Amino acid sequence: AYLYAVATHPEYRRQGLCHSLMADTRDHVTGLGYDGIVLMPAGDSQRRMYAGMGYRDFSGISRFSCTAGTPVPVTEIGPEAYGRLRRTFLPQGSVIQEGPTLSYLHTYARFYAGEDFVLAAAPDGDSLLGLELLGPREAGPGILAALGYETGTFRVPGNHIPFAMFLPLTPEAKAPGYFGLALD
């Protein structure tokens with residue numbers, strides 16, 4: 001189960017409301033048959049709070065920035081095609097994200113495919129933010145040029161930056177290998 005956008009109004013923080021809500025949610029998704037919960041903390045304080053509830057870091061990302069190079073062929077694709085192609089690029093044991101998740105992401109990001117990559121990206125001012133690039137990092141400069149950007153930053157699978165957390169709900173549950181595509 002992927003939990004998204006858990007928040008407490010500032011006036012009600014530090015009263016145990018989030019802990020109670022998260023315990024109820026854990027019990028509910030366990031009853032639905034899920035073997036674990038995945039979430040993406042917004043910052044270090046949330047990461048510490050979730051760690052106190054038993055969540056552990058399981059998936060990291062790496063990030064790199066580059067400037068435009070020689071354009072490479074890039075085709076814009078829809079959420080269904082992205083989900084299907086994404087599966088072919090994911091590391092073993094990764095979280096599969098399709099359907100409503102990709103439809104929601106598509107409200108502010110676009111999906112692209114090339115010969116040896118898939119990309120979810122959104123404008124970030126005059127730059128491009130690659131929310132997820134699966135494929136060779138070397139494609140980055142060519143992607144920027146093809147999409148008309150001079151600079152960009154790309155998230156790729158890696159372990160340099162903590163990203164997602166996991167709570168096992170069954171004794172046999174194992175953390176996924178890669179999460180990587182958060183709903184920013």
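How much accessible surface does the chain have, and what share of that surface belongs to carbon and sulfur atoms? In this predicted model, the accessible surface of the chain comes to about 10000 Å², and carbon and sulfur atoms contribute 51% of that area. Of the 184 residues of the chain, 40% count as buried, where buried means a relative accessible area under 20%. The charges can be described in a similar overall way: the chain carries 14 positive and 18 negative charges, and the mean positions of these two sets lie 7 Å apart.

The secondary structure consists of five helices and nine strands, which follow one another along the sequence in the pattern β-α-β-α-β-β-α-α-β-β-β-α-β-β. The radius of gyration of the chain is 18 Å, close to the 16 Å that the globule rule gives for 184 residues, so the chain is as compact as a globular protein of that length. The C-alpha trace spans about 55 × 35 × 30 Å along its principal axes. Among the contacts in the chain with a separation of 6 or more, 71% are made by residues 24 or more positions apart.

How are the strands arranged in the sheet? Nine strands form an open sheet with mixed pairing, and their order is β1-β2-β9-β3-β8-β7-β6-β5-β4. Strands β1 (2-3) and β4 stand at the edges with a single partner strand each, so one side of each is left without a neighbour in the sheet. As a general point, strands of a sheet pair through backbone hydrogen bonds, either parallel or antiparallel.

Starting from the β4 edge, strand β4 (residues 75-77) pairs with strand β5 (residues 110-114) in the antiparallel sense over three bridges, and within this pairing Ile77 has Phe111 of β5 as its bridge partner. Strand β5 is in turn joined by five bridges to strand β6 (residues 117-124), again in an antiparallel run, with Arg110 standing opposite Ala121 in β6. The strands β5 and β6 form a hairpin, and two residues lie between them.

Elsewhere in the sheet, strand β3 (residues 56-67) has β9 and β8 as its neighbours in the strand order. Eight bridges join β3 to strand β8 (residues 151-158), and these two strands run antiparallel; the bridge partners in β8 include Thr153 for Ser65 and Thr151 for Thr67. Strand β3 also pairs with strand β9 (residues 161-168), in the antiparallel sense and over five bridges, and here Ser59 has Ala164 of β9 as its bridge partner.

Which strands do the buried residues of helix α5 pack against? In helix α5 (residues 140-147), the residues Gly140, Gly142, Ile143 and Leu144 are buried, and the buried residues of this helix pack against β3, β6, β7 (127-134) and β8. In the strand order of the sheet, these four appear as the run β3-β8-β7-β6. An α-helix has 3.6 residues a turn, so residues three or four places apart point the same way. Just after α5, Gly148 takes a positive phi of about 85°.

Key: Residues numbered from 1 in each chain as written. Predicted model: local features only at pLDDT ≥ 70, side-chain atom pairs only at ≥ 80, totals over all residues. Heavy atoms only, no water. Rg over C-alpha atoms; globule rule 2.2 N^0.38 Å. Buried < 20%, exposed > 50% of the residue type's maximum accessible area, 1.4 Å probe, protein only. Contact = heavy atoms within 4.5 Å. Areas by Shrake-Rupley, 256 points an atom, 1.4 Å probe, with all protein chains shown as cover. Lys, Arg positive; Asp, Glu negative; His and termini not counted. Charge placed at Lys NZ, Arg CZ, Asp CG, Glu CD. Pairing = 2+ DSSP bridges.
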